[in-house]
Structures are given as structure tokens and as C-alpha cells.
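Subject: The structure I promised you

Hi,

Here is the structure we talked about, ready for you to open and turn around. Have a look at it first, then read on for what I found.

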Amino acid sequence: MTFARRWPLAFCFILLLTGLAPRLRAALPATAPSAQAPAAQAAQAQPAQSQPAAPQPAAQAYSLPPDRLAKAIALSRIRNILDIAGSLWGLVFLWLLLATRAAAGLEAWARRISRHRWVQGLLFFAAFLIITTLASLPFDIIGHHFGRSYGISVQGWGSWLGDQSKALGLSLLLGAPILLLFNWIVRRWPRRYWLGIWVATLPLLALGIFVSPLLEPIFNKFEPLAKNNSALVAELEKVAARTGTNIPPERMFLMKASIKTNGLNAYVNGIGATKRIVVWDTTAGRIPNDEVLFIFGHESGHYVLHHIPKMLAGMAVALFFVYWACAGFAAWLARRFGALWRLQGQEDGPAPLSSRAGFVVLLFAISVAGFLLTPASNAFSRHFEHQADVYGQEAIHGIVADPQKTAVAAFNALGEAWLEDPNPSPFIEFWLYNHPSVQTRASFAAHYDPWANGGRGQFFDK
Ligand SMILES: [Zn+2]
């Protein structure tokens with residue numbers, strides 16, 4: 001639910017839940033989630049000032065000067081390779097943990113250390129999270145390296161490693177107990193455990209969205225937006241009034257992104273008492289206020305159009321079938337390879353999946369499903385993002401002079417700041433993009449004028 005192509009936080013959370021967090025971090029070399037912070041990076045790039053973006057007439061709505069274009073194409077290729085390779089490596093690595101019997105060995109080690117089952121479990125899952133994080137670290141390092149060399153990131157290696165460590169600490173603190181809980185559910189209900197895990201996932205997801213704003217200050221500094229941008233806040237309130245969102249100035253924050261990145265972004269997150277809007281300091285003050293208003297309008301759209309509850313509902317439905325299918329797949333894997341992988345059967349039941357190492361089989365199955373479903377989840381996300389774009393453009397109608405021009409300029413600033421490829425291959429967009437490509441968004445914005453000839457927008461009467 002961000003303006004730039006970052007992962008929705010809830011999605012990060014489910015990946016964390018399912019032990020896939022490393023894959024996620026590897027997946028995002030350049031436009032990393034702020035919470036997991038790694039790669040968000042930037043550099044000497046000019047603060048994305050509105051470079052006269054539309055060159056020749058009838059040209060593309062989003063375009064880059066030749067030198068930036070060459071960089072954008074090269075960097076996009078690197079990102080895409082890292083993304084797909086990182087995902088596949090995540091799957092291969094889980095398989096290797098099982099096939100080399102490392103998972104079984106880890107379980108035996110945890111048993112030797114403590115007699116208490118829950119201590120064994122915590123040890124096992126903590127070690128598991130550390131090992132998988134280390135396994136994905138090379139991808140993260142390569143991603144950060146290129147983020148720096150292409151001028152997206154300005155974050156030093158020390159600070160970057162610090163963020164990685166904090167992310168790992170957080171995943172140990174939150175992820176290990178959650179995995180232990182899920183593992184316990186498998187033990188407790190060996191036949192219908194997938195239903196139990198599904199029931200447990202839903203409140204955890206909602207809780208994850210609720211607490212994510214509270215965890216973000218671990219990685220980045222925030223200040224009230226009104227502190228140094230009071231003129232902007234006054235403008236934003238006009239948009240807030242038009243959209244009917246009750247996001248008061250106290251819920252508007254400025255994130256000090258500029259010490260880490262040149263990328264620009266803004267997002268809405270949290271629910272209920274933690275709901276708020278965040279604008280990066282690489283955005284407010286660096287691009288014209290009108291464009292920030294458009295971004296704010298887009299973000300407000302996610303709230304007004306209830307995208308977070310809808311996304312949660314969609315995930316709930318999808319996960320029901322995913323967990324069900326994964327339970328079947330994992331059971332088959334355990335039957336086929338259980339002896340080879342030394343999965344220990346339960347004393348009181350037939351299910352080797354309920355052992356710690358057996359749980360890794362389940363995580364593997366869920367990871368495979370997650371990988372295969374990436375295009376589907378991204379398609380949903382792109383749909384919501386497009387709706388928010390429409391909403392954003394309508395929201396600033398009557399407030400800025402020319403909503404079309406403003407939106408196109410904002411997309412050009414966004415694309416140039418992140419070095420987005422103006423012409424990604426359709427397959428890459430289909431598989432990897434959780435936002436429509438900047439080109440698609442800018443072209444739509446350039447032509448979207450529902451008020452022409454006395455018409456009206458989709459979301460506003462006037
Ligand atoms: Zn968005």
C-alpha cells in the first residue's frame with residue numbers, strides 16, 4: 001500500500017510468519033520495505049527534481065534522459081535476476097536443509113540442549129531463522145552493493161548491517177514464537193492442523209498491520225510532518241477534507257529516509273489507533289507540493305477504498321486453500337522422503353510433519369506455493385494500486401491546477417528516483433510487479449480526465 005513498488009507490509013508479515021522473510025529481503029534489492037530496510041538505497045542521484053520528462057511529442061508518458069535510461073535498464077535487469085534467483089534459492093535452500101538432514105540434525109541438537117519441549121522448539125526455530133537469513137545474505141549484499149553503485153542507496157555498510165541485524169532480531173523475537181505456535185498446532189491436531197494454522201494466521205495478520213507502525217522507528221527516524229513542512233500540511237488537509245479521510249496532522253509523519261536512500265515514497269499503514277500516513281523526506285520538499293498532494297491522494301485512496309481489509313479478506317480466502325493444498329503436498333513429501341530426511345515420527349501419531357524438522361517440510365511446501373502464487377498476489381496488488389492512482393488523481397481535482405500534469409510529473413520523479421525501467425518486459429511485470437509499471441501509471445494519468453466535457457470521476461461527484 002505504498003506509492004513506490006515496495007512490498008505491502010502485511011505481505012512481509014505473512015512471509016515472516018511462514019519463515020519466508022529471507023526470501024523477501026533477497027527479493028528486494030532496490031525498493032526494499034522500510035521495515036526490513038536493507039536495500040532501500042540511493043545516491044548521488046539528483047533529488048529527482050522534475051526533470052523535463054516528456055521529451056518528444058506523442059512520446060511515452062514516462063521517459064528518462066539517455067544516461068539515466070541506460071542505468072535504469074541495467075539496474076532493472078540486476079533487480080529482476082536477484083529477485084527471481086533469490087526466491088528460487090530460498091526454495092532450494094529449504095530443500096537442502098531437509099535433504100542433507102541438517103534439519104533433522106538441528107532437531108537432535110535442540111533435544112540434547114534442553115529437556116523442555118518448548119525450549120527445544122524455540123532453539124530450533126531461532127537457529128532456523130538465523131540460518132535462512134544467512135543463506136539469503138549474499139543476495140542482500142549484492143542488492144545493496146548495486147543500490148549504492150547506482151546511486152539509489154546512500155546507506156553505508158555499517159548502518160546497513162545494523163539494519164539487517166535488527167531485522168533478524170525482530171524476526172527471532174516475533175517469528176520464532178509464531179513458528180513454535182504453528183508447530184504446536186501441528187502436533188496438537190495432526191490431521192486438521194492446516195485449519196488451526198489458518199485460524200491462527202488471521203488475527204496475527206491483523207495484529208501485524210496494527211503493530212507495524214510501532215516497529216518502524218526501530219529502523220528509521222520519524223517526526224511530525226507539520227514540524228518542518230507546515231505549508232505542505234495545510235495543503236494536505238485540503239485533500240484530506242475532500243477525501244473525507246480523518247487523518248489529522250498528528251497522524252502525518254515525515255520519515256528521515258534521506259540518510260539511507262534517494263528513492264522517494266510515501267505510504268499509509270496501521271489500522272485503528274495506529275493508522276497514519278508517512279511521507280519520506282526525500283519526497284516532501286524535493287518534489288513540488290502538488291505532486292506530494294497527488295501521492296497523498298493515492299495513499300488516502302487505499303484507506304477510503306478499504307484496501308487493507310479487502311486485502312486481509314482476500315488473503316484469508318487464499319490462505320485457506322493454500323494451507324489445505326500445502327498440507328497435502330507436505331504429507332506427500334513426508335511419505336516420499338521422510339525416511340531419507342530422517343524425519344522423526346510422532347510417538348503418538350503417524351505424522352512426521354509434527355516434528356521440528358517435519359515442520360520445515362511444511363514451510364517448504366508453503367514457500368513453493370508462495371512462489372507460484374506471486375503473480376496472482378501481485379495482480380491483486382496492481383489492481384488496488386491502479387484504483388488508488390485513479391482516486392489520487394480525482395482527489396486533487398480542484399486543488400491543483402492540472403491533475404493530469406501533476407500525476408505524470410510525480411510518476412516521472414518516482415521512476416527517475418528509483419531508476420525504474422520505462423519498458424519492462426510483460427512477463428517481468430506480470431510476475432514481479434506489485435504496482436503497475438511507472439510507464440503504465442504515467443500513461444494512464446496522462447489520459448485520465450473524467451471532468452472533460454462535464455463528466456465526473458469514479459469516486460468524487462465533482
Ligand atoms: Zn499504493
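Let's start with Glu429. If you skip the neighbours within four places in sequence, Glu429 is in contact with Pro424 and Ser437. Keep in mind that this is a predicted model. You'll find Glu429 in helix α15, which covers residues 426–432. Is Glu429 buried, exposed or partly exposed? It has 19 C-beta neighbours inside 10 Å, so it counts as partly exposed; being buried would take 20 or more. Try finding Pro375 too: it is 54 residues from Glu429 in sequence, yet their C-alpha atoms are 8.9 Å apart in space.

Now for the sheet. It is open, has four strands in the order β1-β2-β4-β3, and its pairing is mixed. At the edges sit β1 (222–224) and β3 (266–269), each of which pairs on one side only. From one strand to the next, the twist averages 30°.

You can see the mixed pairing by following β2 (residues 252–255). With β1 it runs antiparallel, joined by three bridges, and one pair to look for is Phe222 with its bridge partner Met255. With β4, β2 pairs in the parallel sense over four bridges, and here Phe253 stands opposite Val278.

Which residues of β2 are buried on each side? Met252 and Leu254 are buried on one side, Phe253 and Met255 on the other, so to speak a strand with both faces covered. That fits a general pattern: in a regular strand, side chains alternate between the two faces of the sheet.

Helix α10 (residues 289–304) lies across β3 and β4 (276–280), and it runs at about 25° to β3.

Last, the nonpolar cores. The largest has 58 residues, and the ones touching the most other members are Val279, Ala410, Phe411 and Leu414. Helix α14 (residues 403–418) gives the most to this core, nine residues. Why does the core lie between domain 1 and domain 2? Because both domains, 1 (10–48 + 60–219 + 310–371) and 2 (222–306 + 380–451), give residues to it. Zoom in on Val279 and, leaving out neighbours within four places in sequence, you'll see contacts with Leu225, Leu254, Ala266, Ala284 and Val292. Apart from this core lies another one, of 43 residues, including Leu98, Ala104, Leu129 and Leu363.

Cheers

Methods: Residues are numbered from 1 along each chain as its sequence is written. This is a predicted model: local features need pLDDT of at least 70, side-chain atom pairs count only at pLDDT 80 or more; totals for chains, interfaces and linings use all residues. Two strands pair if DSSP finds at least two bridges between them. Helices (H or I, at least four residues) and strands (E, at least two) are DSSP runs, numbered from the N terminus. Axes are lines fitted to C-alpha atoms, for helices over the stretch in contact, and angles run from 0 to 180 degrees between N-to-C directions. Two residues are in contact if their C-beta atoms, placed from the backbone, lie within 7 Å. A nonpolar core is a set of buried Ala, Val, Leu, Ile, Met, Phe, Trp, Tyr and Cys residues joined through C-beta atoms within 7 Å. A residue is buried if 20 or more other C-beta atoms lie within 10 Å of its own, exposed if 12 or fewer, and partly exposed in between; C-beta atoms are placed from the backbone. Domain bounds come from an automatic or database domain assignment.
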